Amino acid sequence: IAEEQTMRVLDGLRMREKFDRPNTPEIMAQPLREVLSQLNEMQLTPDGEPVPDKPVNDAPLSDEQKAGLRKVLDKITVLAYLYKVDQRQEDAGRLYRLLYGYITKYFKDDWSLLGGISYDLAENAMWNESYDESIFYFDKSIKARGNGHPHSLESQTTKGMLGRVFINKWD
């Protein structure tokens, strides 16, 4: 629901050329710092990250903790999307990879989340013309979405996007 509301708000915004909005990084820096601080306070590490010198909570998360983490990850997803549509794929990619690490560690059984973040990573890589990375993550998205609803519109759309990447790669 939050994603739908966010998309409606974004669709209602008047688009301006990138050179007409040079302050985007400074404007986004504050909410990004806040949300990363919230994430840091949870003392969790994403999958594949080395354990830092600070205490880390590696116990299974309660439903309440998962709900709190999910809210923080949703906020990061919105910021990553804003970077992506602002043609800042490097910044978006860093945030999407961070999200991927947390989702694969704490929500590994949620095929919808895994499929969604894999799709976001793949699409961002495609926009950045990193076709091998894009293929890798579109394949992961197809596998995750196939676990839930293999014949859904999302699954079929993802397969179509993967086909486009193959065409662009060899074009």
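How many helices and how many strands are there in the chain? The chain has 7 helices and 0 strands. This is a predicted model. Read along the sequence, the pattern runs α-α-α-α-α-α-α.

**The chain as a whole**

The chain holds 171 residues, and 36% of them count as buried. It exposes about 10,700 Å². Carbon and sulfur atoms supply 52% of that area. Contacts can also be sorted by distance along the sequence. Take those between residues at least 6 apart: 63% join residues at least 24 apart.

**Helices α3 and α5**

One pair of helices can be followed in detail. Helix α3 covers residues 63-85, and helix α5 covers residues 111-127. Their axes come within 11 Å. They cross at roughly 20°. Angles under 35 degrees count as roughly parallel, so α3 and α5 are roughly parallel to each other. The crossing of α3 past α5 is left-handed.

Which residues of α3 and α5 meet? The table sets out both sides.

| Helix | Residues in the contact |
|---|---|
| α3 (residues 63-85) | R70, T77, K84, V85 |
| α5 (residues 111-127) | L113, D120, E123, N124, W127 |

By class, this contact of α3 with α5 has 3 nonpolar, 2 polar and 4 charged residues. R70 and K84 of α3 are among the charged ones. On the α5 side, D120 and E123 are charged too. V85 in α3 counts as nonpolar, as do L113 and W127 in α5. T77 in α3 and N124 in α5 are polar.

Terms used:
Residues are numbered from 1 along each chain as its sequence is written. This is a predicted model: local features need pLDDT of at least 70, side-chain atom pairs count only at pLDDT 80 or more; totals for chains, interfaces and linings use all residues. Side-chain values use heavy atoms; hydrogens and water are left out. Helices (H or I, at least four residues) and strands (E, at least two) are DSSP runs, numbered from the N terminus. Buried means under 20% relative accessible area, exposed over 50%, partly exposed in between (1.4 Å probe, protein chains only). Contact means heavy atoms within 4.5 Å. Accessible areas come from the Shrake-Rupley method with a 1.4 Å probe; for residues, only the protein chains shown count as cover. Axes are lines fitted to C-alpha atoms, for helices over the stretch in contact, and angles run from 0 to 180 degrees between N-to-C directions. Angles under 35 degrees count as roughly parallel, over 145 as roughly antiparallel, 65 to 115 as roughly perpendicular and the rest as oblique. A crossing is left-handed if the near helix is turned anticlockwise from the far one by less than a right angle, and right-handed if clockwise.
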